[in-house]
Amino acid sequence: MSPTAAPLKRDRASSLTPEETIAINTRETSPKHLNSESLSAFEIGRYDPDFIMAYYQKRPFSVIGRIFNIFWCFLSFIFGLWWDKFWGNIARNERNRATQLRKIITRLGPTYIKVGQALSTRPDLISAVYMQELSQLQDQLPPFPNEQAYQFIEEELGDRPEYIYAEFSPQPVAAASLGQVYKGKLKTGETVAIKVQRPDLIGNISLDIYIMRSLAIWAKKNIKRLRSDVVGIADEFAGRIFEEMDYELEGRNAELFAELYGYLPEIYIPKIYWNYTGRRVLTMEWIEGTKLTNLEEIQARGIDATHLVEVGVGCSLRQLLEHGFFHADPHPGNLLATRDGKLAYLDFGMMSRIEPYQRYGLIEAVVHLVNRDFESLAEDYVKLEFLSEDTDLRPIVPALENVFGNALGASVAELNFKSITDQMSEMMYEFPFRVPAYYALIIRSLVTLEGIAIGVDPNFKVLSKAYPYIAKRLLTDPSEELRASLRDLLFKEGSFRWNRLENLLRNARDSQDYDFEFAVSQALDFIFSERGDFIRIKLVEEIVQAIDLYSRKTLFNFSTILRQRIGMSTEKMPADLHNISQNNLAHIQNIWQILQETRGFDPMTFLAFVPKILSKSETQELGQQIANGLVQKVAARLIRNILLETDCDRRDSVDWNAPKSLPSAS
């Protein structure tokens, strides 16, 4: 080809809508029509478990050889640990053993490298020495020969790299589980990262998936206490790995991710260059930055690493709970602190999705957990498909209370995701819990992110940092599901739970994007909507009760003052008047103080809504209902008092000394 020729790749992905992108990413295709005995016939990015199972069932020697290789590799490592313990050399040989484990994982290939990457972010599971060694699995793996990379580039883009790019690094700058990255420059001047896929990925990964899936099938059939969908979990993980091998799909994922979350001011997503991208080659914007785990360099740049972790937590919450399109592999190699203090996402191969009902269920579960509402939490597990609909929840509620009730003192928000999963795992064996397939990647994503956070700040609590966002969603989200959840949270057995409203408002004000005026507007719209009819009824009851109590208290105080002035004896205020009025007043004062401390608070905001409120027909109905309620209370009290006085007068008029007449004998 001419040195001046430029590849003319189709630019189809950039014109797709988010809905079309998701449809393409989730479409089910199958290569069963390909009557081939070779795995090369298996299309990249399209996971078909039946094809893989059928292929390797005909090749038992390949399977046995792989199992023996895996067993022998880890046997030597386990024996080495035992030998060190026997001679008391564990600490002295820790670095050597960590290096040995890294080499074993590297030798076993991409599937095991994924596991090693996850372990490299868990300071609560492995020591710092092992973490440091396994972190090399993120982007410092042995590279494959340049000539193979050049061949893939030529096959995908139509020419050798020296003719396509203005500059191309002589050696890869990073090598990961599925590919290696070169630094280059386009002829138009942009500095880019060129990711090229490793050869024979399908052959290496599919054999491990066959073994993993076969073990899952065996466990499901033979371990009676295992109720989780382990085969579905294996398929979910395998499907994401196969999608990760399709670089065109990764490019579409990156653009959808940018469209959904690129508006966040401290998040950066690199640009994809579609004219230089194919199924096995991806060209994207080059990002200068530092891994979040490299604290010294980040601090030297004047960047607050803990704040960036909080940014990552906030972004992950939006991924999981707003749009349901989330990054399932946020290890440190995929997250960089840029020079201007932003958090950059780099790899979009392993993405996953969560349905709306699952998103709402997760929000409700966290709210119920933090508020220790274990009855509702048990019902959440049914909604999230951890329990079947016919499960008897009565014994599960006290079990949940036992697990979480006294967790880490007074605050459930101090729990981390690992402690939650650890404590839940024991209970799941006693009751008919099952782990749905979709949940595996969610918890993997959250636990990996939490591991990075703990590495930056050992006292970092993801759940505590996440709750302000969740409280904000519960107060402002217009969806029917969350409105019903808010209603159930605030009202119980006809009474309003002021303390829970205080807790929600207190946490929501700490959410970075909490808009006070928008929250007030949403609350009023909901209260005056058809769905808010229940709230209005309860609001009328609370207002009638409050006015009645305060009027009675005012009347009692006036009567007491009058009695004192004319020299009459005074009575003690009834306990119900004193306690209820004091409690309600304290709650109202607390809420007003919380609102005053909320970012964006302005008393004039309430005044601006007054005309809108007064113009609604529902407001007039509320006024009539309140007036009717007060009249009924006064009338009922008046009738009761009259009847009591009449009864007292009747009893006082009876001559108790008169002889009693005997009953007639007739």
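Student: Which residues of helix α20 (residues 480-490) are buried?
Tutor: This is a predicted model. Buried means under 20% relative accessible area. In α20, the residues that count as buried are L482, R483, S485, L486, L489 and L490.

Student: Within what arc do the buried residues of α20 fall, seen down its axis?
Tutor: An α-helix has 3.6 residues a turn, so residues three or four places apart point the same way. The buried residues of α20 line one face of the helix, because their arc spans no more than this: within 160 degrees.

Student: How do the axes of α13 and α14 cross, and at what angle?
Tutor: Two packed helices are described by the angle between their axes and the distance between the axes. Helix α13 covers residues 305-323 and helix α14 covers residues 356-370. Their axes come within 7 Å. The crossing makes α13 oblique to α14, at roughly 120 degrees.

Student: Which residues of α14 does α13 meet?
Tutor: On the α13 side, the contact uses L320, L321, E322 and H323. By class, the contact has four nonpolar, one polar and two charged residues. The partners in α14 are R359, L362 and I363.

Student: What percentage of the residues of the protein chain count as buried?
Tutor: The chain has 26 helices and 13 strands. It runs to 666 residues. Of these, the buried ones make up 50%.

Student: How much of the exposed area do carbon and sulfur atoms supply?
Tutor: The protein chain exposes about 34000 Å². Of that area, carbon and sulfur atoms supply 56%.

Note on methods: Residues numbered from 1 in each chain as written. Predicted model: local features only at pLDDT ≥ 70, side-chain atom pairs only at ≥ 80, totals over all residues. Heavy atoms only, no water. Buried < 20%, exposed > 50% of the residue type's maximum accessible area, 1.4 Å probe, protein only. Helix = DSSP H or I, 4+ residues; strand = E, 2+ residues; numbered from the N terminus. Arc of directions from axis to C-beta. Areas by Shrake-Rupley, 256 points an atom, 1.4 Å probe, with all protein chains shown as cover. Axes fitted to C-alpha atoms, helices over the stretch in contact; angles between N-to-C directions. Parallel < 35°, antiparallel > 145°, perpendicular 65-115°, else oblique. Contact = heavy atoms within 4.5 Å. Nonpolar A, V, L, I, M, F, W, Y, C, P; charged D, E, K, R; others polar.
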